[in-house]
Amino acid sequence: MLNINNLKVSIDEKEILKGLSLKINKGEVHALMGPNGSGKSTLSYVLSGKEKYQVNGGSVDFKDNNLLDMDVDERANNGLFLAFQYPMEIPGVQTSFFLRTAMNAKRKFNNKPELDALEFAKELKKKSQELNINPDMLKRDLNVNYSGGEKKKQEILQLSMLDPDLAILDETDSGLDIDALRIVSEGVNKARNSENSFLVITHYQRLLNYIKPDFVHIIADGRIVKSGDYSLALELEEQGYEKMAQA
Amino acid sequence: MDVEKYIQNIKNSKLNQYFQNNLLELNPFRNHKIENYKYAQLNKIDYNIAHKNIHSIDLNIKDNFHDIFKNAKTMEHVTLDHMQWTFNAPDSPIRLSSLIKDPVVHSFDLNNFNEEVCIIDLSNYLELNFIFDYSNNEKMSLIIIDSEINSNKSPRYLKFNIHEKANIEILQMSYNKENSLIFYEFNQNDSSNVNLTALQANNVQLRNEFYFNLASHCSTKISGTNFCNLGVNDNYSFIQHNKPDSSSKEVFKSIVDHGAITNFQGKIYVDKIAQKTDGYQMSRSLLLDDISKSNNKPELEIYADDVKCSHGSTISKIDQDHLYYFNSRGISSDLATKILKKAFIQEVLDSIENVSLKQISDKIVSSFL
């Protein structure tokens, strides 16, 4: 699915990723854990194609295509999804309209006819109920005056509606209370299947209690320093980043 | 004093001569000596290119409504009453001159019309001056269209007398115009409500001036937007709070591209007896390229000491982070820009209350954006 090989990235001439390699196969869930400033968010932005990140070396293949050659919207339509740590507020654009436009963009890209209004409404109702989202929220402007928890739920709603092949969750657990964390995690688990993959970026092991990863990686100073299974996350919780990164 | 003599006196006055020569004949758009026209300079516009690019879009709006003004009463001469100017704006003699130039006034009694929506297409009239009276407290909706290419280029003057407790909603649309200068004057009596929405698109040279004269307990709402223009789009407003307890709210949004210039200049004036005035003004511009320009100038002139007045002004580009968010969901930059442009002016469209007026506005917006 995703093959990152020796990726080097800088922003404003400052090197953030210093030769990061990671391989994610179909159906796998990988967790990426690391301290502040280790390059977690940079990795997610580079994969999604955000401007201003300078790739200095290495390669990224996504479904056997060169991901770095694609535009941001091309990557999304090819099946990459990034759930943002801080989702953008867009005044004047209704949430449900945004969702429908995004879904139709993907369908158009795949030469499928546009979703009709009724079909979309049905799907939206079902998926938003699963995430315990108030229908009124979908009529409001996108993320405007949403609480932290609502914003994250909205990201996961987009994820489940767009049904990507690879979803990157960038600190989706930050700012969530315990109930919201559970609901959001359940939403992610429902979206999981043998055909898609997840990269879950987090500081804390708690999220991984809900979303059980197949692999856990520790990132420090722009490189993956240790990889293992779920037990690595538990070890990390006990010993802290500093010790683990040195080991 | 009789009217003829009064007109003659004004015509002969030196001040009037000055304005006739310097503003009307030489084109007020090109004169920057008066503060209110400071930004309305057109020297930098290549008119030949701009005129070629103007495209006529037939929106069939007129077919949807009856032209109910066919049988309106026309007065051949203005009366002294019509020569009374309630504004001391420095350029009011221009308006006066336009009236004198063609001293015929169309007078409409809006109370006689029972339709849900009344429509007036200015291009149907050769006359330049219009006076509307409305006194009903049931809300009426009026559409004013200023749209034909190459139609009358002389300044027009539209005066509204809104009587006590009367309630009116107006949609003003200017599109496909090469050249247009219109003065709107609203005289609001006690407890009257006016909700004015202005939509301006695909124009080369346009200036609208909105003068509001408020008595007590009045409410005035002005929402304006302009987009897809080719030359200079210029809006000036002067809201005069003369008596206590009135509120005015003005929002103006411009989307500027292709080297066009948009100007907004708005003044809220509060007389010393107009206590408890609530005034709000916001102008925002969205610049889509590096060659376009926007000049926004809010002005407050307050002589009362117990009022609430605020104003704000912003000029910005499309937020790259917004665009990135759209892109990251598979929406192309072109489509995202289109959606963000519509989102930018949504607040103005939302201020329209009547459903038919809303539909027409949507039609205009989707034709151009």
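What follows is a short walk through this structure, from the make-up of one chain to its aromatic pairs and packed helices. Please keep in mind that this is a predicted model.

Let us begin with chain B. Its 369 residues include a buried share of 59%, and the chain holds seven helices and 17 strands. Contacts here often reach across the sequence: of those in chain B with a separation of 6 or more, 85% are between residues 24 or more positions apart.

One residue gives a good feel for such surroundings. H241(B) belongs to strand β12 (residues 232-241) of chain B. Is H241(B) buried or exposed? Its relative accessibility is 0%, so H241(B) counts as buried. If you set aside the neighbours within four places in sequence, its contacts include L214(B), the run S246(B), S247(B) and S248(B), and also I268(B), Y269(B), V270(B) and D271(B). A274(B), T277(B) and D278(B) are in contact with H241(B) as well.

Now for the aromatic rings. Over all chains, a search of the whole structure turns up 19 aromatic pairs. One of them joins F132(B) and F160(B): the ring centres are 4.6 Å apart and the planes meet at 15°, and because planes under 30 degrees apart count as stacked, this pair is stacked. F132(B) sits in strand β4 (residues 129-134) of chain B and F160(B) in strand β6 (residues 156-162) of chain B, so the pair ties together parts that lie 28 residues apart in sequence. Both partners are hidden away: F132(B) is buried with a relative accessible area of 1%, and F160(B) is buried at 0% relative accessibility.

Another stacked pair is made by Y184(B) and F210(B), with 5.1 Å from centre to centre and 20° between the planes. Here too, distant parts of the chain are linked, with Y184(B) in strand β8 (residues 180-188) of chain B and F210(B) in strand β10 (residues 205-214) of chain B, 26 residues apart. Y184(B) and F210(B) are both buried.

Aromatic residues also gather in a cluster that brings in two chains. Y45(A), Y53(A), F84(A) and F98(A) belong to one aromatic cluster with Y324(B), Y325(B) and F326(B). Y45(A) has a charged companion too: the charged end of K50(A) sits over its ring, 4.6 Å from the centre. In chain B, K253(B) lies over the face of F344(B), 5.1 Å from the ring centre.

Helices are the last stop. Two packed helices are described by the angle between their axes and the distance between the axes. In chain A, helix α4 (residues 117-130) packs against helix α6 (residues 148-162) at an angle of about 130°, with the axes 10 Å apart. These two helices, α4(A) and α6(A), are therefore oblique to each other, and their crossing is right-handed. On the α4(A) side the contact is made by F120(A), E123(A), L124(A), K127(A) and S128(A), and on the α6(A) side by L157(A), S160(A) and M161(A).

Chain B offers a packed pair of its own. Helix α5 (residues 320-327) and helix α6 (residues 333-350) of chain B pack at about 125°, with axes 9 Å apart. That angle makes α5(B) oblique to α6(B), and the two cross in a right-handed way. Where do they meet? H322(B), L323(B), F326(B) and N327(B) of α5(B) meet S333(B), A336(B), T337(B), I339(B) and L340(B) of α6(B). F326(B) is a residue you have met before, as a member of the aromatic cluster.

Terms used: Residues are numbered from 1 along each chain as its sequence is written. Chains are lettered from A and ligands numbered from 1 in the order in which they are written. This is a predicted model: local features need pLDDT of at least 70, side-chain atom pairs count only at pLDDT 80 or more; totals for chains, interfaces and linings use all residues. Side-chain values use heavy atoms; hydrogens and water are left out. Rings of Phe, Tyr and Trp (its six-membered ring) pair if their centres lie within 6.5 Å; planes under 30 degrees apart count as stacked, over 60 as edge-to-face and the rest as tilted. Helices (H or I, at least four residues) and strands (E, at least two) are DSSP runs, numbered from the N terminus. Buried means under 20% relative accessible area, exposed over 50%, partly exposed in between (1.4 Å probe, protein chains only). A charge sits over a ring if NZ of Lys or CZ of Arg is within 6 Å of the ring centre and within 35 degrees of the ring normal. Axes are lines fitted to C-alpha atoms, for helices over the stretch in contact, and angles run from 0 to 180 degrees between N-to-C directions. Angles under 35 degrees count as roughly parallel, over 145 as roughly antiparallel, 65 to 115 as roughly perpendicular and the rest as oblique. A crossing is left-handed if the near helix is turned anticlockwise from the far one by less than a right angle, and right-handed if clockwise. Contact means heavy atoms within 4.5 Å.
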